[in-house]
Amino acid sequence: MTNKKGYRVAVVGATGAVGQNILKYLEEKPFDIEKIKLFSSKRSAGKKIEVSGEEITVEEAAEDVFDGIDIAFFSAGGAVTEKLAPAAVKSGAIVIDNTSFYRMDKDVPLIVPEVNEEDLKNHKGIIANPNCSTIQMVVALKPIQEKYGLNRVIVSTYQAVSGAGLAAEEELKTQAEQFLNGEEMEANILPAGADKKHYPIAFNALPQIDLFEENGYTKEEMKMINETKKIMNEPNLQVAATCVRLPVFSSHSESLFVETNTADVSIEELKETISAAEGIILEDDPNTQTYPTPLSAQDKKGVYVGRIRKDLDDNKGFHMWVVADNLVKGAAWNTVQIAQSLVKNNLV
Ligand SMILES: NC(=O)c1ccc[n+]([C@@H]2O[C@H](COP(=O)([O-])OP(=O)(O)OC[C@H]3O[C@@H](n4cnc5c(N)ncnc54)[C@H](OP(=O)(O)O)[C@@H]3O)[C@@H](O)[C@H]2O)c1
């Protein structure tokens, strides 16, 4: 295949939190785009969205809309991916999917370009974008894996409400107003729209993201565990996760304990290794209280790392704090980077 000019792109879920961010990064012209088509459910069909100065009418997504499309970004939920992604591939498009539907399918590469871009060459028409909390963690782990080897990772997350979609963001705003007005907070969405009970997120912390599985972990935790092993090509890596939702609008934070295969690595060397890695910005200086926060990482494309310190008992272990905007590197930007890699490597 040769590098052609002018790719035709579709965004399914264009009116949603992730879709809106995908459009923002497509406006930066990450590769040569000839045409953009926008799709949603019936609810938003007919709505007009401006992209790069051009008003585009949103159409209802259906099996027969992908003719002539080269790259189709999907972020409209697993059910829409299940129904429409095969039709898009049949029409000749390459699908880059943001939902969890295909992530663990052995025929579908799960890609974070800084970590496993080479796995893209095995694609059969569908490429999966990992879970937001997984993406930022594997970017931070990659330089450590390469230089020192990885044995074990234990992560606790502090996740933003935007990870649960626009409706969850609205719920946090409403609840915050209700709380400050002395009213009872109404909870309808979090911790998981599909679960029986709902708890207020405003001024709270919910140790449940998505539904529980039989082993006592949530689906979000199991995504982090399984996706990390797949992306890092380390099926035997020991990974444990506790995922917590906080009343933060954007950017997920993570506290990581990492055990390497190499003893007595100095903190100075480790910081150098991490700061030299692609996609990572080191913000780490206790003397000046320098470390990343959800607000400082908001709307940025990078993965921010700070608070690197040695474990006091394990000479192969250390701790760090990893922050990234879940809608940017955790979703839309990584998705657009995948498309960029496909174009760069003549895979589309
Ligand atoms: N938010 C994150 O941090 C994040 C990160 C990674 C992956 N994801 C995944 O990306 C997907 C979208 O998340 P989001 O946060 O953007 O959700 P969202 O804000 O609720 O947006 C959902 C989008 O999907 C469209 N949609 C819903 N049902 C549809 C249907 N039957 N046919 C066609 N389009 C339909 C909606 O269109 P209407 O306007 O017509 O309703 C809207 O454009 C989810 O699967 C989510 O798990 C989210």
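Me: Which residue meets Arg-103 in a salt bridge between side chains?
Reply: In this predicted model, the nitrogen and oxygen atoms of the bridge are 3.1 Å apart. The pair links distant parts of the chain, with the two positions 124 residues apart in sequence terms. Arg-103 sits in the loop between β7 (94-97) and α3 (113-116), and its partner sits in helix α6 (residues 219-231). The residue that meets Arg-103 is Glu-227.

Me: Is Glu-227 buried or exposed?
Reply: A residue counts as buried when its relative accessible area is under 20%. The relative accessible area of Glu-227 is 2%, so Glu-227 is buried.

Me: How many residues apart are Glu-114 and Lys-329?
Reply: Glu-114 forms a salt bridge with Lys-329, and their closest N and O atoms are 2.8 Å apart. Both residues are buried. The pair links distant parts of the chain, Glu-114 being in helix α3 and Lys-329 in helix α9, and they are apart by 215 residues.

Me: Of Lys-196 and Asp-195, which is exposed?
Reply: The side chains of these two residues meet in a salt bridge, at 3.6 Å from N to O. Asp-195 has a relative accessible area of 18% and is therefore buried. The value for its partner is 77%, so the exposed residue is Lys-196.

Me: How many salt bridges does the structure hold?
Reply: Side chains of opposite charge can pair when their charged atoms come close. One such pair is Arg-103 with Glu-227, and another is Glu-114 with Lys-329. The number of salt bridges in the structure is 15.

Me: Which residue has a side-chain N or O atom 3.0 Å from an oxygen atom of the ligand?
Reply: Gly-16 has a backbone N or O atom at 3.0 Å from a ligand oxygen, and Leu-166 has a backbone N or O atom at 3.4 Å from one. The contact asked for involves a side chain instead, and that side chain belongs to Arg-43.

Me: How many polar residues does the shell around the ligand have?
Reply: The ligand is surrounded by 25 residues, and the closest include Thr-15 and Ser-44. Helices α1 (17-26) and α9 (328-344) each supply at least two residues of this shell. By class, the shell has nine nonpolar residues and one charged residue, while the polar residues number 15.

Me: Which helix holds Leu-180?
Reply: Leu-180 forms a nonpolar surface patch with Phe-179 and Phe-203, and together they have about 350 Å² of accessible area. Leu-180 is exposed, because its relative accessible area is 64%. The helix that holds Leu-180 spans residues 166-180 and is α5.

Definitions and conventions:
Residues numbered from 1 in each chain as written. Predicted model: local features only at pLDDT ≥ 70, side-chain atom pairs only at ≥ 80, totals over all residues. Heavy atoms only, no water. Near = heavy atom within 4 Å. Polar contact = N/O pair within 3.5 Å; in protein donor to acceptor, adjacent residues only side chain to side chain. Helix = DSSP H or I, 4+ residues; strand = E, 2+ residues; numbered from the N terminus. Nonpolar A, V, L, I, M, F, W, Y, C, P; charged D, E, K, R; others polar. Patch = residues over 30% accessible without salt bridge, like charges linked within 9 Å, V, L, I, M, F, W, Y side chains within 5 Å. Areas by Shrake-Rupley, 256 points an atom, 1.4 Å probe, with all protein chains shown as cover. Salt bridge = Lys/Arg side-chain N within 4 Å of Asp/Glu carboxyl O. Buried < 20%, exposed > 50% of the residue type's maximum accessible area, 1.4 Å probe, protein only.
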